[in-house]
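I opened this entry to keep track of what I looked up, in the order in which I looked it up. The structure goes in first, and my notes follow.

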Amino acid sequence: MKTILTTAAITLAFAAPTWAQMAMDTDGDGNVSMEELQAAYPDATADTFAAIDTDADGVLNETEVQAAVDAGILPS
Ligand SMILES: [Ca+2]
Ligand SMILES: [Ca+2]
């Protein structure tokens, strides 16, 4: 039973950044737009968005959001 609980806790920890992305992606297209970022984080600026959008395609994918959470740019 203890092993099952530990595994569940680890799975939850790894899933958290994905939840952050899905919470922000309000139109469900799989990416977070500037508008969606600012809806979740009103203090986010265009500079913040550009810092997270490392491939500069104008939207934030799951990898970019997770990197931003890991770097402390976005709260997890
Ligand atoms: Ca979206
Ligand atoms: Ca991007």
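Which residues coordinate the calcium ion (ligand 2)? I was working from a predicted model, and there I found the ion coordinated by Asp53, Asp55 and Asp57 through OD atoms, by Val59 through O, and by Glu64, which is listed with OE twice. The distances for this site run from 2.2 to 2.5 Å. I noted the sequence spacing of these donor residues as D-x1-D-x1-D-x1-V-x4-E. With angles of 54 to 155° among the six donor atoms, I entered the site of ligand 2 as irregular.

I then took the donor residues of this site one at a time, starting with Asp53. I placed aspartate 53 in the loop between α3 (46–52) and α4 (62–71), and I recorded it as buried because its relative accessibility is 7%, under the 20% cut-off. Leaving aside residues up to four places away in sequence, I listed Gly58, Val59, Leu60 and Glu64 as the residues that aspartate 53 touches.

Is glutamate 64 buried or exposed? I entered it as buried, since its relative accessibility is 5%, and I located it in helix α4. Its contacts, again not counting residues up to four places away in sequence, are Ile52, Asp53, Thr54, Asp55 and Val59. For one of these, threonine 54, I also wrote down that the backbone nitrogen lies 3.3 Å from a polar atom of the glutamate 64 side chain.

Two further donors of ligand 2 went into my notes as partly exposed: aspartate 55, with a relative accessible area of 42%, and valine 59, with 22%. Neither value could be entered as buried, because that label requires a value under 20%.

Next I turned to the calcium ion (ligand 1), which is coordinated by Asp25, Asp27 and Asp29 through OD atoms, by Asn31 through O, and by Glu36, also listed with OE twice, at 2.2 to 2.4 Å. Here the donor residues are spaced D-x1-D-x1-D-x1-N-x4-E in sequence. The angles among the six donor atoms span 54 to 158°, and I entered this site as irregular. For the accessibility of its donors I checked two aspartates: aspartate 25 counts as buried because its relative accessibility is 11%, whereas aspartate 27 is exposed, with a relative accessible area of 53%.

After the two ions I looked up the chain as a whole. I counted four helices and zero strands, giving the pattern α-α-α-α along the sequence. The chain has 76 residues, of which 25% count as buried. Its exposed area is about 4,900 Å², with 62% supplied by carbon and sulfur atoms. Among contacts between residues at least 6 apart in sequence, I noted that 30% join residues at least 24 apart.

Which residues make up the largest nonpolar core? I listed twelve: Met24, Val32, Met34, Leu37, Ala44, Phe49, Ile52, Leu60, Val65, Ala68, Val69 and Leu74. The elements giving two or more residues to this core are α2 (34–40), α3 and α4, and the largest share, three residues, comes from α4. I closed the entry by setting two notes on α4 side by side: this helix holds glutamate 64, a donor to ligand 2, and it also gives the core its largest share of residues.

Methods:
Residues numbered from 1 in each chain as written. Chains lettered and ligands numbered in written order. Predicted model: local features only at pLDDT ≥ 70, side-chain atom pairs only at ≥ 80, totals over all residues. Heavy atoms only, no water. Donors = N, O, S within 2.8 Å, 3.2 Å for Na, K, Ca; no water. Tetrahedral: all angles 85-135°; square planar, octahedral: opposite > 155°, others 65-115°. Buried < 20%, exposed > 50% of the residue type's maximum accessible area, 1.4 Å probe, protein only. Contact = heavy atoms within 4.5 Å. Areas by Shrake-Rupley, 256 points an atom, 1.4 Å probe, with all protein chains shown as cover. Polar contact = N/O pair within 3.5 Å; in protein donor to acceptor, adjacent residues only side chain to side chain. Core = buried A, V, L, I, M, F, W, Y, C linked by side-chain atoms within 4.5 Å.
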